Amino acid sequence: TDAVSLLKEVQRVLKIGGSYLLVTHGHGDPDMARMPLLTLPHMSLNIQKTPDLGGYYLFVCQKANELPANVLEDKWQEAKVWAAERDQTDEVFRNNAMEGMGQ
């Protein structure tokens with residue numbers, strides 16, 4: 001849900017036509033881990049992604065348009081719920097992986 005809060009703020013301050021550069025690293029497929037949030041329809045971003053740069057990825061995100069504030073707030077609440085559920089699933093996966101390593 002930290003990612004949702006960050007992207008909500010990016011969406012709020014970025015002007016139409018403005019760009020946001022996301023530099024990220026980590027395990028897993030960035031298309032599965034990062035793109036679901038970046039491609040939320042209310043983000044209204046055109047996104048370009050670099051190939052794997054040794055575990056680092058660059059996403060260049062350009063804001064295409066803006067939705068009305070009341071619509072955005074509803075969409076962000078939905079995104080928070082979705083992200084919290086995903087965080088719980090990820091935590092269970094990590095815990096199961098750690099338990100498997102100890103056996």
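This is a short walk through the structure in your viewer, stop by stop.

**Stop 1: the whole chain**

Start with everything shown as a cartoon, and keep in mind that you're looking at a predicted model. You should find four helices and three strands. Follow the chain from the N terminus and the elements come in the order α-β-α-α-β-β-α. Zoom out a little: along its principal axes, the C-alpha trace spans about 50 × 30 × 15 Å. Of the 103 residues in the chain, 26% are buried. Turn on a surface and you're looking at about 7,000 Å² of accessible area, with 58% of that belonging to carbon and sulfur atoms.

One more thing before moving in. Take the contacts between residues with a separation of 6 or more: 64% of them join residues 24 or more positions apart.

**Stop 2: the nonpolar core**

Now hide the surface and select Leu7, Tyr20, Leu38, Phe59 and Trp76. These are the residues with the most contacts inside the largest nonpolar core, which has 19 residues. Which elements supply at least two residues each to this core? Colour α1 (2-13), β1 (19-25), α3 (35-38), β3 (56-63) and α4 (69-102), and you have them. The largest share comes from α4, with four residues.

Stay on Leu7 for a moment and show what surrounds this residue. Setting aside neighbours within four places in sequence, Leu7 is in contact with Tyr20, Leu37, Leu38, Met43 and Trp76.

**Stop 3: the loop between α3 and β2**

Next, select His42, in the loop between α3 and β2. Is His42 buried or exposed? It's buried, because its relative accessible area is 4%, under the 20% cut-off. Show the partners of His42 and, leaving out residues up to four places away in sequence, you'll see Gln11, Leu67, Leu72, Lys75, Trp76 and Ala79. You've already met Trp76 among the core residues with the most contacts.

Slide along to Ser44, which sits in the loop between α3 and β2 (45-49). Ser44 counts as buried too, at 11% relative accessibility. Check the backbone here: phi of Ser44 is near 55°, a positive value in a residue that isn't glycine. For background, most residues other than glycine have a negative phi.

**Stop 4: Thr24 on strand β1**

Move over to strand β1 and pick out Thr24. Thr24 counts as buried because its relative accessibility is 12%. What joins the side chains of Thr24 and Arg34? Draw a distance between the two side chains: there's a polar contact of 2.9 Å. Beyond neighbours within four places in sequence, Thr24 is in contact with Arg34, Gly55, Tyr56, Tyr57 and Phe59. Phe59 is another residue you saw at the core stop.

**Stop 5: a nonpolar patch on the surface**

Finish outside. Bring the surface back and colour Leu21, Val23, Leu53, Tyr56 and Val60, which make a nonpolar surface patch of about 460 Å². The elements giving two or more residues to this patch are β1 and β3. Tyr56, one of the patch residues, is also a contact of Thr24.

Last selection: Leu21, in strand β1. Leu21 is exposed, since its relative accessible area is 52%. Put Leu21 and Thr24 side by side and you have two residues of strand β1, with Leu21 exposed and Thr24 buried.

Key
Residues numbered from 1 in each chain as written. Predicted model: local features only at pLDDT ≥ 70, side-chain atom pairs only at ≥ 80, totals over all residues. Heavy atoms only, no water. Core = buried A, V, L, I, M, F, W, Y, C linked by side-chain atoms within 4.5 Å. Buried < 20%, exposed > 50% of the residue type's maximum accessible area, 1.4 Å probe, protein only. Contact = heavy atoms within 4.5 Å. Patch = residues over 30% accessible without salt bridge, like charges linked within 9 Å, V, L, I, M, F, W, Y side chains within 5 Å. Areas by Shrake-Rupley, 256 points an atom, 1.4 Å probe, with all protein chains shown as cover. Salt bridge = Lys/Arg side-chain N within 4 Å of Asp/Glu carboxyl O. Polar contact = N/O pair within 3.5 Å; in protein donor to acceptor, adjacent residues only side chain to side chain.
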